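I opened the notebook to record what I looked up, one topic per entry.

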Amino acid sequence: MSSYEPRYPTSGITLKTCVEELRGSCEAIARVQGGTTYYREEIEIFRTYAEEKQLFFQSEPIELGRPPDDEGNEHQVWFNSKSSTYLKATWPDFYGMLVIHRNNEEPKASPIDYLERWQLHNELFGDSVEFLGVTQSSGAMRLIIKQPAIIGNPATIDQIDAFFKNHGWLSFKVNNNQAYFDPQRHVVISDTHRGNIILMDDGLLAPIDLRVQLLSPSLFDTVKKLCSR
């Protein structure tokens, strides 16, 4: 780590390790309960893990002290021109939405779902997202990530559709939104609008902020049926 870079709470632990350890905790609890962990349970699993690993910032990153450069449904965003990176902070106690869920499940993503989403983003699309830590105010948590900036222009809808289909993804609709399914990895993605996929100067497409979800076995048949319509 360069001397001018701040030391983040997660400096000694990778995003991949965080996800593996958190999912391991969920699986252990699920085995005892004979089912799967629920949204509220995963909130507490994450909070306990973050406390044990000391992942909470002692003071907020300096970026959060100034107005964001951009904001959306899931994040506030700050651009660092020196490092060509974006710092993204989730809204308090909100970690995005799941691509698909069962009727009796919470549609919101847990902090564990959120981190797994970015780890899958790294694995599938060659991104280099880092999890920096957690801020907390009045009990509300915000997860902080850092992502390299991508130079280019928004891809067209046709380019986006061809990009996924040419790489073996199957298309389907969920809640009237376009989504894609990788039958080999059992992964689904959505939020594939033009602002989230960049056409770079070399002609390649770079996804930058997709919802990515590893399917549970209970949803596998549902998604396969949706893809066949």
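Entry 1, a hairpin. I looked at β2 and β3 in this predicted model, and they form a hairpin with 4 residues between them. In that turn I checked Ser84, which has a positive phi of about 50°. I then looked up the pairing: β2 and β3 run antiparallel to each other over 6 bridges. One residue pair I noted is Val77, whose bridge partner in β3 is Lys88.

Entry 2, the neighbour on the β1 side. I found another hairpin, which joins β1 to β2 through 3 residues. β1 and strand β2 (residues 75–80) are paired in the antiparallel sense over 2 bridges. Val77 turned up again here, as the bridge partner of Asp70.

Entry 3, the whole sheet. In what order do the strands lie? I wrote down β1-β2-β3-β5-β4, an open sheet of 5 strands with antiparallel pairing. The edge strands are β1 (70–71) and β4 (130–137), and each of these pairs on one side only. I reminded myself that strands of a sheet pair through backbone hydrogen bonds, either parallel or antiparallel.

I also looked up the pairing of β3 (residues 85–90) with β5 (residues 140–148), which is antiparallel over 5 bridges. Here Leu87 stands opposite Lys146 in β5.

Entry 4, two helices. I recalled that two packed helices are described by the angle between their axes and the distance between the axes. For α1 and α3, the axes come within 9 Å and cross at roughly 135°. Because of that angle, α1 counts as oblique to α3. I noted the hand as well: α1 passes α3 in a left-handed crossing.

Entry 5, the largest pocket. Rolling a probe the size of a water molecule over the atoms shows where empty space is left. The largest pocket holds about 800 Å³ of space. How many residues line the largest pocket? I read off 35, of which Arg23, Glu42, Asp113, Leu214 and Ser216 lie nearest its centre.

I then asked which elements supply at least two residues each of this lining. They are α1 (15–33), α2 (39–52), α3 (111–125), β12 (211–214) and α5 (217–227). The helices of Entry 4, α1 and α3, are thus among the elements that line the largest pocket. Sorted by type, the lining residues divide into 16 nonpolar, 8 polar and 11 charged.

Terms used: Residues are numbered from 1 along each chain as its sequence is written. This is a predicted model: local features need pLDDT of at least 70, side-chain atom pairs count only at pLDDT 80 or more; totals for chains, interfaces and linings use all residues. Side-chain values use heavy atoms; hydrogens and water are left out. Two strands pair if DSSP finds at least two bridges between them. On a 1 Å grid over the protein atoms alone, a cavity is a set of points where a 1.4 Å probe fits but cannot get out, and a pocket is an open set with protein on both sides within 12 Å along at least five of seven lines; lining residues have an atom within 4 Å of a point. Grid points are joined across faces, edges and corners, and a volume is the space filled by probe spheres set on the points. Ala, Val, Leu, Ile, Met, Phe, Trp, Tyr, Cys and Pro count as nonpolar, Asp, Glu, Lys and Arg as charged, and the others, Gly among them, as polar. Axes are lines fitted to C-alpha atoms, for helices over the stretch in contact, and angles run from 0 to 180 degrees between N-to-C directions. Angles under 35 degrees count as roughly parallel, over 145 as roughly antiparallel, 65 to 115 as roughly perpendicular and the rest as oblique. A crossing is left-handed if the near helix is turned anticlockwise from the far one by less than a right angle, and right-handed if clockwise.
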